[in-house]
Amino acid sequence: MHIVADENIPLLNEFFADIGTITRVPGRTMTAADLATADILLVRSVTRVDEALLAGTPVKFVGTATIGTDHIDLEYLQQAGIGFKSAPGCNAQAVVDYVLSALSVLVDERGLQFTDLSVGIVGVGNVGLLLRQRLEAMKVPVLAVDPLRSEEETGPQVSLDEVLQADVVSLHTPLTREGEHATYHLINAERLAQMKPDACLINSCRGAVVDNTALLAHMQKHRDFEAILDVWENEPELNVDLLQRCLLATPHIAGYSLDGKMRGTEFVYQGLCEFFGLPVRRKLAQFLPEPGVKRVNFSDQAPLHQALRTAIRAAYEIRVDDGVMRSAIRRSDNLRETFDRLRSNYPLRRDIPTLRVGVPAKCQELQNLLTSAGFDVRLK
Ligand SMILES: NC(=O)c1ccc[n+]([C@@H]2O[C@H](COP(=O)([O-])OP(=O)(O)OC[C@H]3O[C@@H](n4cnc5c(N)ncnc54)[C@H](O)[C@@H]3O)[C@@H](O)[C@H]2O)c1
Ligand SMILES: O=C(O)[C@H](O)[C@H](O)COP(=O)(O)O
């Protein structure tokens with residue numbers, strides 16, 4: 001079989017070499033001509049997969065190694081009888097790590113503890129639910145809404161209006177443009193006006209869930225309002241004025257842990273094997289580096305919440321990604337290229353549960369706190 005794949009999908013050879021011949025192409029600029037002899041198409045989020053790309057090609061199966069599917073015309077695939085697999089939940093842990101690191105910067109900046117802030121979660125699916133579990137285990141008050149899921153699945157819910165009253169509002173919905181609960185511009189000028197004047201909005205789902213023009217206008221008016229953005233309307237373009245107003249800004253890398261990216265490839269491989277009736281011969285564990293890549297050790301003197309912030313930012317330091325992005329954008333004469341280059345050259349990062357933390361055996365409270373944030377705690 002002939003497999004055409006986005007060149008930024010990791011472990012292509014490891015998972016797919018014995019299934020077919022692999023041709024790697026840049027995902028952003030892929031065209032129907034690239035698929036003239038393709039049986040299988042493997043993409044990430046930057047390729048629009050629709051009739052214009054697929055009609056007249058021999059493609060029988062499409063896999064996207066991502067959580068989001070808004071770049072795929074699912075209705076067309078179904079009508080055309082083309083098999084499909086995405087990677088639900090593959091990088092949920094990485095996005096949660098991103099939000100925890102963002103919150104740790106926010107509490108430092110405001111001289112607070114995690115437990116001083118209430119966090120509103122919009123969308124309680126794989127990411128939102130894991131975030132809720134981590135925050136509640138850390139004793140952070142959570143307000144959540146997800147009109148498409150029951151409270152049995154999500155835990156207690158309140159209305160969106162109530163969620164918008166939280167100190168921090170973190171968005172975890174897909175981007176949808178139709179239906180009663182469409183999320184396109186879910187956060188618009190009216191909803192921003194409902195939020196506290198010194199609230200913080202975190203968007204790590206899809207850029208267009210927030211009206212970026214309205215957000216910039218809101219922040220120009222309310223100087224204490226803060227935003228932490230990983231995703232932008234019209235990526236790979238972005239509004240540089242908005243970036244400059246953000247507390248933290250990153251180039252759509254919240255889900256970019258090594259674990260999350262590789263897991264995305266594995267999920268697609270499993271779906272492809274099922275579709276073509278092939279045996280599943282490869283497992284991610286064969287290719288992932290050993291856990292315990294970093295170690296943080298705490299003495300019994302470490303103040304609890306400071307220790308937690310240190311551990312989170314040892315696992316993932318969002319300020320580094322923010323600094324790299326700001327300086328690259330400042331020097332850039334081509335924003336689109338710069339944005340994509342930051343993403344394809346993204347450095348290795350591991351999920352929090354792969355980080356071993358040494359804690360003195362007598363510090364029960366610290367052990368509990370670090371475990372609640374997802375760390376692999378070892379007593380010493
Ligand atoms: N920045 C990144 O790197 C990154 C990484 C992973 C995922 N994402 C994005 O985050 C989104 C969420 O990921 P997930 O794994 O949790 O997806 P998911 O499908 O598991 O959960 C999304 C949840 O949002 C809910 N929802 C839909 N419309 C809503 C609305 N109007 N109001 C409130 N809730 C609504 C759904 O019912 C669902 O429970 C993905 O669709 C993807 O676009 C971004
Ligand atoms: O939907 C997802 O899984 C994420 O947004 C993913 O991290 C996007 O990464 P990309 O496919 O653009 O490399």
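**Entry 1, the annotated domain.** I began with the UniProt record, an unreviewed entry, which annotates residues 110–254 as "domain: D-isomer specific 2-hydroxyacid dehydrogenase NAD-binding". I keep in mind throughout that what I am reading is a predicted model. Over residues 110–254 I find the chain to be 30% helix and 15% strand, and I note that the C-alpha atoms at the two ends of this stretch are 23 Å apart.

**Entry 2, ligand 1.** I next looked up which residues come nearest to ligand 1. Of the 34 residues around this ligand, those that come nearest are Gly68, Gly123, Gly125, Leu148 and Gly255. When I sorted the shell by element, I found that α4 and α5 (126–137) are the elements that give two or more residues to it, and that the largest share, 3 residues, comes from α5. By class, I record 16 nonpolar, 14 polar and 4 charged residues in the shell around ligand 1.

**Entry 3, ligand 2.** Around ligand 2 I list Asn8, Arg44, Ser45, Val46, Thr66, Ile67, Gly68, Asn91, Gly255 and Tyr256. I count this shell as 3 nonpolar, 6 polar and 1 charged. Going back over my notes, I see that Gly68 and Gly255 are named both among the residues nearest to ligand 1 and among the residues around ligand 2.

**Entry 4, α4 against α12.** I then turned to the helix pairs, starting with helix α4 (residues 92–110) and helix α12 (residues 304–315), whose axes come within 9 Å and cross at roughly 135°. Why do I call α4 and α12 oblique to each other? The roughly 135° of their crossing is not over 145, the cut-off for roughly antiparallel, and is outside 65 to 115, the range for roughly perpendicular, so the pair falls into the oblique class. I note the crossing of α4 and α12 as left-handed. On the α4 side the contact is made by Asp97, Leu100, Ser101, Ser104 and Asp108, and on the α12 side by Arg309, Ile312, Arg313 and Ala315. By class, I have 3 nonpolar, 2 polar and 4 charged residues in the contact of α4 with α12.

**Entry 5, α12 against α15.** Staying with α12, I looked at its pairing with helix α15 (residues 364–372), where the axes come within 10 Å and cross at roughly 35°. The crossing of α12 and α15 is right-handed. I find Leu304, Ala307, Leu308 and Ala311 of α12 in contact with Glu365, Leu366, Leu369 and Leu370 of α15. These residues divide into 7 nonpolar, no polar and 1 charged.

**Entry 6, α13 against α14.** For helix α13 (residues 318–331) and helix α14 (residues 335–344), I read axes that come within 10 Å and cross at roughly 155°, which makes α13 roughly antiparallel to α14. I note the crossing of α13 and α14 as right-handed. Here Val324, Met325, Ala328 and Ile329 in α13 meet Leu335, Thr338 and Leu342 in α14. By class, I record 6 nonpolar, 1 polar and no charged residues in the contact of α13 with α14.

**Entry 7, the loop between β10 and α10.** Last, I went through the backbone of the loop between β10 (226–229) and α10 (240–245), in which Pro236 lies. Is the peptide bond from Glu235 to Pro236 cis or trans? I read this bond as cis, with omega near 5°. Asn234 also has its place in the loop between β10 and α10, and I find its phi near 65°, which is a positive value in a residue other than glycine.

Definitions and conventions: Residues numbered from 1 in each chain as written. Chains lettered and ligands numbered in written order. Predicted model: local features only at pLDDT ≥ 70, side-chain atom pairs only at ≥ 80, totals over all residues. UniProt positions renumbered as here; feature names shortened; annotations may be inferred. Near = placed C-beta within 6 Å. Nonpolar A, V, L, I, M, F, W, Y, C, P; charged D, E, K, R; others polar. Axes fitted to C-alpha atoms, helices over the stretch in contact; angles between N-to-C directions. Left-handed = near helix turned anticlockwise from the far one by under 90°. Contact = placed C-beta atoms within 7 Å. Parallel < 35°, antiparallel > 145°, perpendicular 65-115°, else oblique.
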